[in-house]
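Ready for some practice in reading a protein model? Work through the exercises below one at a time, and try each task yourself before you follow the solution.

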Amino acid sequence: MHDTTLLGRLYGPKGWTGFGIAALALFVLFPLANLVVPEGSAFHVSDYTVTLIGKMLCYAMVAVALDLVWGFGGILSLGHGLFFALGGYALGMYLMRQIGADGQYKVDMPDFMVFLDWKEFPWHWVLSNSFIAQALLVVLVPGLLAFVFGYFAFRSRIKGVYFSIITQALTYAAMLLFFRNETGFGGNNGFTDFKRIFGIPIATPETRMALFVASGAALLGSILLVRWLVTSRYGHVLTAIRDAESRVMFCGYDPLWYKLFAWTLSAVLAGIAGALYVPQVGIINPSEMSPANSIEMVIWVAVGGRGTIVGPVLGAFLVNGAKSVFTVWLPEYWLYVLGLLFVLVTLFMPEGVVGLAKRLRGRARAKPKAAAPGAPAPASPTTERAAAVSAERGVGKPA
Amino acid sequence: MTPSVATSRTGDLADSGPAALGHVVTGELDLSHRIILYLDDISVSFDGFKALNKLSLSIDAGELRCVIGPNGAGKTTMMDVVTGKTRPDSGKAFFGQTLDLTRMSESGIANAGIGRKFQKPTIFADHTVFENLELAMKGDRRVRRTLFAKLAGDERDRIDDMLRMIRLQDRADRLAGLLSHGEKQWLEIAVLLMQQPKLLLLDEPVAGMTDDETERTAELFLELAGKHTLVVVEHDMAFIAKIARKVTVLDEGHVIAEGPLDEVQQDPKVIEVYLGR
């Protein structure tokens, strides 16, 4: 049967080619250009660039996770920064233990604990010496928190803006909690000065490249996973819940479990992204949980195009690329630019960069045919889909 | 409704075990007394406004029942109670002999065999016509099943049959949001039928349809009656006249008349309700 869905076309032969090229670049070209090509060559990629892009790969993974719940499930989270940070903290604890006695106080204990005059590790640090235990926590802590929070929120049928506000409050409350020294997460300084991972020095080009490749693999893996989910019948039910929840219920589906599954999985993906992010940037502190961070994540998705998977990845790269440029060039204006960008995208590009590209291509294709008088211009399937949805939701006419 | 029905029900409650006591809310539909839907003394109020006021109604299996009444008579609220969207303040609502609707979830009620068509057509706008029917098809509704669900050959055939019945076979790949209003109404009815419901609640099914579409809808309903039980709420009296066998008139939250259409139309209470305001 002819596939008219947006995703069907996004991931046709062209999509898979793009995916292959991305994999080649991440796993072969970048490592070669960074580690093998000598410095000074035009093809050399600096360590700085590797870290910068590695960071963006993690952001892109959060964007994909957000797209699953927001783009396909219609659940707008303004608190994904919390899950991201929790994953980061879980791995950060292990990295703190890896410092060993090389800290300022030359004691086998993180500096902030010595500073607070703690004699032994608090209970939640018991397993922190084990990578496997902390890696499990990277998945379990965000997953469990999201599951419990989501269960009560979805069971109480909290939706739309109310849900978003609660997620925002949740991350804010967590930030205040993590700021406190007694919580045992290093207070406002958080964790930093990492020295090793698996006993290997963390700042060498090889370790950096390994983390970069791991982030790339995690991103591509989450793209495949989310793509598989949203094209399955489960995904169809999820988007149906987004568009007409009561109809889904009267079809005999219980939306609670469908939302909860996507929500929990999304939090886990964000947590993994956070865990890959922290060793690359070398710091995690409570500011990662600030509401503004979570809102920025939503902007990546909106700019790229929600409900398209590839769009949020592009959005994360575009917005963060612009941020890197702006914070060097005109640092005090970055937040204005970000705000303006969000307003403009919401007003003029409701489907983000991907939607815009499809629309332009659709228009170009429609032109030769429009020459036949009276023949209605064939709308591109993307704009058709957008028109269908906005007509159904009573939103303004699509351009 | 007749008092004898009520007594026979109470008898059943006493001797049919835990299911009747409401501890078990899932299970098979029991139609041993021919009654498929039984509402007794249902009251619902919103902020002091009595939407339903001691409403009692019973519907036999296979019946095609029309429910009419002026605006605000409680027709939609009645459907909300039956489908679990609204919990009654008091009264009983049973599906068959054993399923207590006041204790079941919306999805549980739907899976037990009650389908509902809303006043405004509610379909999945961002899915194709085919996908709409696929989602509605009777099947396992658990998350882990839907992750790996594949469309079997006979399921595809059933969808194709349904597409032919609603005359949308050449639009199977169209997004449902782009259908005309009448087509959406038909698609929604088809979505209901895909679930193979025992009882269909249809809220203004021909609103916004062309005369031709209305005619075809009437034919369809008459064909469905017997195989399914239909409860139709409608304002279009011409349509009611075409399909009506037994008509129930609601006003201010309770039943004021019941019987064949021409009899009901002669009823002074009904005339007063419709002409008196």
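**Exercise 1. Work out how α5(B) and helix α8 of chain B are arranged, and which residues join them.**

Step 1. Find the two helices: α5(B) spans residues 129-136, and α8(B) covers residues 181-194. Helices here are DSSP runs of H or I with at least four residues, strands are runs of E with at least two, and both are numbered from the N terminus.

Step 2. Look at the geometry. The two axes are 7 Å apart and the packing angle is about 30°. Axes are lines fitted to C-alpha atoms, for helices over the stretch in contact, and angles run from 0 to 180 degrees between N-to-C directions.

Step 3. Put the angle into a class. Angles under 35 degrees are roughly parallel, over 145 roughly antiparallel, 65 to 115 roughly perpendicular, and the rest oblique. Therefore α5(B) and α8(B) are roughly parallel to each other.

Step 4. Add the handedness: α5(B) crosses α8(B) in a right-handed way. Right-handed means that the near helix is turned clockwise from the far one by less than a right angle; anticlockwise would be left-handed.

Step 5. List the partners. α5(B) brings V129(B), N132(B), L133(B) and A136(B), while α8(B) brings L187(B), A190(B), V191(B) and M194(B). Two residues are in contact if their C-beta atoms, placed from the backbone, lie within 7 Å.

Step 6. Sort them by class: seven are nonpolar, one is polar and none is charged. Ala, Val, Leu, Ile, Met, Phe, Trp, Tyr, Cys and Pro count as nonpolar, Asp, Glu, Lys and Arg as charged, and the others, Gly among them, as polar.

**Exercise 2. Decide how far you can trust the model.**

Step 1. Note the ground rules. This is a predicted model, where local features need pLDDT of at least 70 and side-chain atom pairs count only at pLDDT 80 or more, while totals for chains, interfaces and linings use all residues. Residues are numbered from 1 along each chain as its sequence is written, with chains lettered from A and ligands numbered from 1 in the order in which they are written.

Step 2. Check chain B: its mean pLDDT (the predictor's confidence in each residue, from 0 to 100) is 85, and 89% of its residues reach 70 or more. Residues 1-25 of chain B, however, stay under 50.

Step 3. Check the overall scores: ipTM is 0.80 and pTM is 0.84.

**Exercise 3. Describe the side of chain B that touches chain A.**

Step 1. Count both sides: 28 residues of chain B are in contact with 30 residues of chain A.

Step 2. Name the elements of chain B that give two or more residues: α4, β6, α5 and α6. The most come from α4(B), with four residues.

Step 3. Sort by class: this side has eleven nonpolar, eleven polar and six charged residues.

**Exercise 4. Is A73(B) buried or exposed, and which residues does A73(B) contact beyond its sequence neighbours?**

Step 1. Place A73(B) in the loop between β3 and α3 of chain B.

Step 2. Apply the cut-offs: a residue is buried if 20 or more other C-beta atoms (placed from the backbone) lie within 10 Å of its own, exposed if 12 or fewer, and partly exposed in between. A73(B) has 23 C-beta neighbours inside 10 Å, so A73(B) is buried.

Step 3. Find the partners. Leaving aside neighbours within four places in sequence, A73(B) is in contact with L250(B), D251(B) and E252(B). A73(B) and L250(B) are 177 residues apart in sequence, yet 5.6 Å apart in space, C-alpha to C-alpha.
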